[in-house]
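Subject: A structure for you to look at

Hello,

Here is the structure I promised to pass on to you. Please open it alongside this message, and I will walk you through what turned up.

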Protein chains: 2
Amino acid sequence: MVAPSRRRRVTINDVASHAQVSVTAVSKVIRNAYGVSPAMRDRVKTAIEELGYRPQAVARGMRGRTFTIGLMLPHIRNPFFADILDGLTEQLAGTDYRAFMIQGGATRKVERLAVDALIDRQVDGIIMVAPLASKARLEEVAQEKPTVVLARHERSSFYDSVYDDDEAGAELVVKHLIELGHRRIAHITHQDDSQAQPADLLHNIRAATYERVMREHGLADEIAVATSFYHEKGGYEGARELLDRDPRPTAIFAGADQAAFGALAAVYEAGLRVPADVSVAGYDNTHLAALPNITLTSVDQEGSVMGGAAGKLLLERIEGRTSAVRFSVTPSLVVRGSTAPPTS
Amino acid sequence: MVAPSRRRRVTINDVASHAQVSVTAVSKVIRNAYGVSPAMRDRVKTAIEELGYRPQAVARGMRGRTFTIGLMLPHIRNPFFADILDGLTEQLAGTDYRAFMIQGGATRKVERLAVDALIDRQVDGIIMVAPLASKARLEEVAQEKPTVVLARHERSSFYDSVYDDDEAGAELVVKHLIELGHRRIAHITHQDDSQAQPADLLHNIRAATYERVMREHGLADEIAVATSFYHEKGGYEGARELLDRDPRPTAIFAGADQAAFGALAAVYEAGLRVPADVSVAGYDNTHLAALPNITLTSVDQEGSVMGGAAGKLLLERIEGRTSAVRFSVTPSLVVRGSTAPPTS
DNA sequence: CATGATTTGGGTAACGGTACCCACTCTTAT
DNA sequence: ATAAGAGTGGGTACCGTTACCCAAATCATG
């Protein structure tokens, strides 16, 4: 058995001597820089081909770029993030840039470590999805590296923002339920680890909009919020708490599909039917929501469009743009079988 | 509005001059190397603290390590991969290593690009989850960087393997269905882009085991396989095809939960009930399977244990181990409400 | 007390690229 | 004919860190 003897990697020097030119010439060719004749280009490209040379991104990064985009995701369990990644990947196709993901986690502290890890690896730019960090911290990051923030609403002149209009989306859901005739509409929201409940975090916007719309329709007394988490277990527990109340709600608006799935489970487990006894609606329009045995009413926010936009804006920033751009997607309601007029 | 003037990063030189010592001394301290007195250590650590210095991983990589682990996932839509990541993250906690994910995609070609991208960024080690690549290619990668391969079964002396015993798992499902009294048991498998259908890819093992067990129980004539994909849409389409056959199967074993969810949808849509008319079973025991309104019988393969083991083995390899280790997890069947004796 | 071993600190050449500058040739305009 | 400019190629310092080596100081030993 042979020990895996790591063979030396082909370097720019090898290419240069093989092609009988200077390393500068090779560098120019791989960077597509000005000052190489077609003949030189061919010659170098042939040598690169013959030796199977690939530049080492890390070494390039010491002077120039690493051609690496850092994507911070809170976690990878939510399939909605997969849509974002798909959009980003498509946007990056054809460029030399690659997207690397890192998991941010559930607290500000570990999220900070994750983003620092990206910076320390000299990524050329950072996309943060639904970060928990304060605006000050986001701007700090943006001063180190070109940055695009996804799913946050505050306005900054240091980074670009891409977001879904969560206020419009939440309004669509609550109004839909009200129009169906519901009055006792409850909401399941997400608990993050920040004490302040920043108004710019999407779950807080959805919750605040729910309350506003309820109030605007004279339903202030019917407001019922379960503070839990945007995942299956969270939705399940949140719904159980809501269903235990007397009188129990006739409709539940979960702030995310993942939570809505858990809410559906809680409703069934309580011996109730959807939508006959309780209507349930979610947010994100994940693939699962469309399945005939789930048919969850949900809000579509075009994750892949958001991911693509984030990629495009980030590349522009890397190229030198410094003005801040805000890109927002208008969500739409997808009505399915999980919502219907109340029977009681 | 101020343009984001990137301020120069604090370097090892800044720390050295601030602490009035040599850069060598600082380097030794951050590497925990031999040859520094306690007094020196304190002095340097204080300077690091005061300046907020963090070493640049990219520069470290030029001589030593980048403290980066590359994790190649086929995609991030399957929540099972999240379990793997959780296990890995936990294993890496307390070390300076960070896991970066890259999406491999659906074809060998893009997967190759993704893994090359990891190598070009000088990661210290690579974990490949359910790769499509040939064994030869995997060994090629392993010769460049310490490598651990997850969810593949072939034996190699160049990399470590971590896998679930898919043969045992598939056998559990099929035998369970046979014991319930089913005879017309169908299977939904996954189509990858390789022509050869390598015997070491997990979906091929599950499919082959299904056929073997059927044959061993005298059910060779009842073998019915739909070749589709391991995702919701794939399961939906595979199940539709199977349900169209005459006579239709009384049980469907989908090779992955994601596909099983789609199969459930197809069954309901056909006006049939689960499990009364058709039993459905999956593989992976994702969180969703446990929800009361899904109650999918599935195979649990402890993703976080596998992720943790992969991390441990990779760190050992980075530290210098060259012998190959194989770590396998024994799956267990979780019987839920989606499987029952056939009624017809 | 001389000698060798150990501890501690620092100097410096890499690592693999890129940015910047310079030199030379060949056009083109005056 | 000459100057200015464009096109083309190369030399080399530098990016931030580590590995390797050396020197000085301290310690243990016979």
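A good place to begin is the surface near DNA strand D: helix H2 (23-31) and helix H4 (57-63) of chain A, and likewise helix H2 (23-31) and helix H4 (57-63) of chain B, each contribute at least two residues to that surface. Please keep in mind as you read that this is a predicted model.

The surroundings of DNA strand D comprise 25 residues, and those that come nearest are Tyr34(A), Ile12(B), Ser27(B), Arg31(B) and Tyr53(B). By type, the surface near the strand has 12 nonpolar, eight polar and five charged residues. Seen from the DNA side, 68% of the atoms of strand D within 4 Å of the protein belong to sugar or phosphate, while the rest belong to bases.

Which parts of DNA strand D do polar side-chain atoms of Lys28(A) and Arg60(B) approach? For Lys28(A), a base nitrogen lies 3.2 Å away from such an atom. For Arg60(B), the partner is a phosphate oxygen, at 2.9 Å. There is also Arg63(B), with an N or O atom of its side chain 3.2 Å from a sugar or linking oxygen of strand D.

Next, the two protein chains. A turn of 180 degrees with a shift of 0.0 Å along the axis lays chain B on chain A, with an RMSD of 0.1 Å. That is the relation of a two-fold axis. If you want to find the axis in the model, look for Met101(B): among the residues of chain B, its C-alpha comes closest to the rotation axis, at 2.4 Å. The copies meet through the same surface, because 100% of the interface residues of chain B are also interface residues in chain A.

Finally, have a look at a sheet in chain A. Its four strands are parallel and form an open sheet in the order E7-E6-E8-E9. Strand E7 (224-228) and strand E9 (279-281) are the edge strands, each pairing on one side only. On average, neighbouring strands are turned by 20 degrees against each other, direction ignored. Within this sheet, strand E6 (185-190) and strand E8 (251-254) of chain A pair over four bridges, and Ala186(A) stands opposite Ile252(A) in E8(A). Helix H8 (166-180) of chain A packs on the sheet, touching E6, E8 and E9, and its direction makes about 175 degrees with that of E8(A). Helix H9 (202-216) of chain A lies across E6 and E7, at about 160 degrees to E6(A).

Enjoy exploring!

Best wishes

Note on methods
Residues numbered from 1 in each chain as written. Chains lettered and ligands numbered in written order. Predicted model: local features only at pLDDT ≥ 70, side-chain atom pairs only at ≥ 80, totals over all residues. Heavy atoms only, no water. Near = heavy atom within 4 Å. Polar contact = N/O pair within 3.5 Å; in protein donor to acceptor, adjacent residues only side chain to side chain. Nonpolar A, V, L, I, M, F, W, Y, C, P; charged D, E, K, R; others polar. Least-squares fit on C-alpha atoms with pLDDT ≥ 70 in both. Contact = heavy atoms within 4.5 Å. Pairing = 2+ DSSP bridges. Axes fitted to C-alpha atoms, helices over the stretch in contact; angles between N-to-C directions.
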